Amino acid sequence: MTYTADYIRKNCQKKREDEQFYAWFVMRRISPYVTALLLKTRISANAVTLAGIILGVAGGIFYIWPSIYGAIVGSFLIQLWYLSDCVDGEIARCRNK
């Protein structure tokens with residue numbers, strides 16, 4: 001089956017009332033496109049979760065770096081972690097896992 005962003009948005013995302021404000025209005029607008037790409041591969045939801053954990057830890061480590069660059073990179077990695085948190089659930093729901 002070919003998954004499109006619209007299909008993922010309608011069938012594989014949480015309902016609006018079950019979602020947080022930032023996740024619904026920012027991350028859930030981006031995540032269907034990433035999910036559609038990953039569904040074409042054999043990458044599992046658990047692999048995306050593991051990558052998200054690594055991104056989150058790396059983001060926290062960059063916050064320790066005492067410069068604006070550490071804060072920028074850390075913030076970017078934390079955003080990628082949050083995106084991966086949305087994507088892993090969508091992958092699991094699309095694949096019924």
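This report walks through the nonpolar core, a surface patch and one unusual backbone position in a predicted model.

## The nonpolar core

Let's start inside. The largest nonpolar core has 17 residues, and those touching the most other members are Ile8, Leu39, Val87, Ile91 and Cys94. Two or more residues come from each of α2, α3 (45-64) and α4. Helix α4 gives the largest share of this core, with seven residues.

Val87 is a handy place to look at the packing in your viewer. Leaving aside residues up to four places away in sequence, Val87 is in contact with Ser31, Val34, Thr35, Leu38 and Val48.

## A nonpolar patch on the surface

Now turn to the outside. Phe21, Tyr22, Phe25, Val26 and Ile30 together make a nonpolar surface patch of about 470 Å².

Ile30, one of the patch residues, lies in helix α2, which covers residues 21-39. Is Ile30 buried or exposed? The answer falls in between: its relative accessible area is 40%, so Ile30 counts as partly exposed, given that buried means under 20% and exposed means over 50%.

## An unusual backbone angle at Asn96

Finally, have a look past the end of α4 (68-94), where Asn96 sits in the segment that follows this helix. What is the phi of Asn96? It is positive, at about 55 degrees, even though Asn96 is not a glycine. Most residues other than glycine have a negative phi.

Asn96 counts as exposed because its relative accessibility is 71%, and the cut-off for exposed is over 50%.

Note on methods: Residues numbered from 1 in each chain as written. Predicted model: local features only at pLDDT ≥ 70, side-chain atom pairs only at ≥ 80, totals over all residues. Heavy atoms only, no water. Helix = DSSP H or I, 4+ residues; strand = E, 2+ residues; numbered from the N terminus. Buried < 20%, exposed > 50% of the residue type's maximum accessible area, 1.4 Å probe, protein only. Patch = residues over 30% accessible without salt bridge, like charges linked within 9 Å, V, L, I, M, F, W, Y side chains within 5 Å. Areas by Shrake-Rupley, 256 points an atom, 1.4 Å probe, with all protein chains shown as cover. Salt bridge = Lys/Arg side-chain N within 4 Å of Asp/Glu carboxyl O. Core = buried A, V, L, I, M, F, W, Y, C linked by side-chain atoms within 4.5 Å. Contact = heavy atoms within 4.5 Å.
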